[in-house]
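Me: Got a model to go through with you. Start with the protein interface, then the DNA side. Keep it short.

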Number of protein chains: 2
Amino acid sequence: MSNLIKNVPPFDLKNVLLPESSTPNHLDISNIRSSCATCSLRELCLPVGLNESEIQELGDLVSHKRKIQRGGYLHRTGATFQMLFAIRSGFLKTCVLEEDGRQQVTGFHMTGELLGLDAISTDKHTCDAIALEDSEVCEIPFVKLEEISRSVPSLMHQFHKVMSREIVKDHGVMLLLGSMKAEERLATFLLNLSRRFSIRGYSSSDFNLRMTREEIGSYLGLKLETVSRAFSKLQDEQIIVVDNKHIQINDIERLRTKMGNSSCLT
Amino acid sequence: MSNLIKNVPPFDLKNVLLPESSTPNHLDISNIRSSCATCSLRELCLPVGLNESEIQELGDLVSHKRKIQRGGYLHRTGATFQMLFAIRSGFLKTCVLEEDGRQQVTGFHMTGELLGLDAISTDKHTCDAIALEDSEVCEIPFVKLEEISRSVPSLMHQFHKVMSREIVKDHGVMLLLGSMKAEERLATFLLNLSRRFSIRGYSSSDFNLRMTREEIGSYLGLKLETVSRAFSKLQDEQIIVVDNKHIQINDIERLRTKMGNSSCLT
DNA sequence: CGGGCTGTTGATCAATTTCAACGCTCGTGG
DNA sequence: CCACGAGCGTTGAAATTGATCAACAGCCCG
């Protein structure tokens, strides 16, 4: 097992506290302490819908950043829960390990998304979170988040929305797993990635997958060979072009018709 | 479509406000206004872990009860979200309707469980909730719940736990749908029901299903015929006895081995 | 009593998994 | 610098699982 925990020290040198006044308008994000007020992800992450002073309060919470190398663990199943993690950059998967050794991928996560919500229920993480590329996360002490949200109702409400959205998303995946065929699942998956890349300013029709066929298969409830075949089929139909991990969507409309019952995909 | 909304008037006659002092120690639950403090479901529902005065505050929120007849809707997809619902008695299913008409059951819900969490994200319900037997729910105005939880931290925390548990549960279902075979799925499903009945004081080995084979199939990602065959197979192996909706578990240990990777089922 | 709904079972069919072979890329060590 | 093995991906053929189609039985209710 080569995936050891890559513990970046709690205080990254780049995160030394600088007086607020010393941060000019033009910001070099790697040289200031992490703060929601200056984070380019404000519109994606927890600060959505908060005003400046509320964001400041939230930002005061989030003084630590943590880097995880590709293949490293952000957290492991059973580990004590203290922090939520907001993804600042990178790409991670979460997966539950079964007793018999197999693993089921429960999600792929990108910039601006929140990890660790599952752990609130028992104060233990219920899944592994593993970086699929070098990643960086903000650590949000959960106890303090609850504390602050008492005085910032809109933060509390935003947090509830985020949790609720997670539930809705999972229902979408249940639908996919419960009622779609292989090709429909893959189409849905690609469209979902496409949309999420697009929201983040990347091309919606041209991107690189960060995960293996096996990981896609695990997420979609398929074997890796089936995933591979489904890719080939979509390529034969000239809907996409596949070059290993590089995907190009040629005909997004036709891809949409492949998934059949459109609506559910978050 | 015979399932119209069965709107019980907001104030049930049984729920007329009686002075607190007039409720003696021995309570006839049907004759007092609904209150978490006196509800026999305290240990299952939102009040878990709260002290008396905190429960009182929560209880003051929950002045309405609502009855839903078998087949009636508690809420429909797209309806405006205002209330969470705590199930007081009965049995409901939630399901998402696809454009093409099919429906996917996303959950079966019993006494003490909370419905409506998915709706927080968009202020619209994202699924239908339908009673599988005559049911009664407490209505919890969500705005007020957030308000009160500002001053009752343990209520807020408990609520977060409930939401988190929902996420963990969904991950369990994803695992089931993504990696189990028909028989494993049914075994998992039966064991889950068994445990939930048992927690509520009913027999863990002898119970009646409230849902049809088709609904089970939808939930488990199988066709109703497959569900029926899986039941028959488990019966042939003398692990259970099936008499239509009545299920008797003879050998719970062997049923557990059927599901293989035990752990995940909430 | 008949019709609709639910559930069971059999036979066949289709989709996915499994098993197997092979190609490509990348990093390491001779 | 090349050889080699590991990991990842593709593809084919066979095996398995579950879906589909179809018949029928039981039950409830009008």
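Me: How many residues from chain B and from chain A does the contact take?
Reply: It takes 43 residues from chain B and 43 residues from chain A. Contact means heavy atoms within 4.5 Å. This is a predicted model: local features need pLDDT of at least 70, side-chain atom pairs count only at pLDDT 80 or more, and totals for chains, interfaces and linings use all residues. Residues are numbered from 1 along each chain as its sequence is written, chains are lettered from A and ligands numbered from 1 in the order in which they are written, and side-chain values use heavy atoms, with hydrogens and water left out.

Me: What area is buried between chain B and chain A?
Reply: About 4,200 Å², with carbon and sulfur atoms giving 60%. Buried area is the accessible area (1.4 Å probe) that two parts lose on being put together, summed over both.

Me: And how many salt bridges across the interface of chain B and chain A?
Reply: Zero by the rule, which asks for a side-chain nitrogen of Lys or Arg within 4 Å of a carboxyl oxygen of Asp or Glu.

Me: Which element gives the most to the side of chain B that touches chain A?
Reply: H3(B), with 20 residues. Helices (H or I, at least four residues) are DSSP runs, numbered from the N terminus.

Me: How are the two copies related?
Reply: A turn of 180 degrees and a shift of 0.0 Å along the axis lay chain B on chain A with an RMSD of 0.0 Å. The two copies are thus related as by a two-fold rotation axis. The superposition is by least squares on C-alpha atoms of residues with pLDDT of at least 70 in both.

Me: Which residue of chain B comes closest to the rotation axis?
Reply: Arg150(B), at 2.3 Å (C-alpha).

Me: Switching to DNA. How many residues surround DNA strand D?
Reply: There are 17, and Ser228(A), Ser232(A), Ala182(B), Thr226(B) and Arg229(B) are the closest. Near means a heavy atom of the residue lies within 4 Å of the strand. Sugar and phosphate make up 63% of the strand D atoms that come within 4 Å of the protein.

Me: What lies 2.4 Å from a phosphate oxygen of DNA strand D?
Reply: A polar side-chain atom of Thr226(B). A backbone N or O atom of Ala182(B) is 2.6 Å from a phosphate oxygen of the strand.

Me: Where does Glu225(B) come in?
Reply: A side-chain N or O atom of Glu225(B) is 3.4 Å from a base nitrogen of DNA strand D.

Conventions. Helices (H or I, at least four residues) and strands (E, at least two) are DSSP runs, numbered from the N terminus. A polar contact is a pair of N or O atoms within 3.5 Å; within protein, one must be able to donate a hydrogen and the other to accept it, and residues adjacent in sequence count only if both atoms are side-chain atoms.
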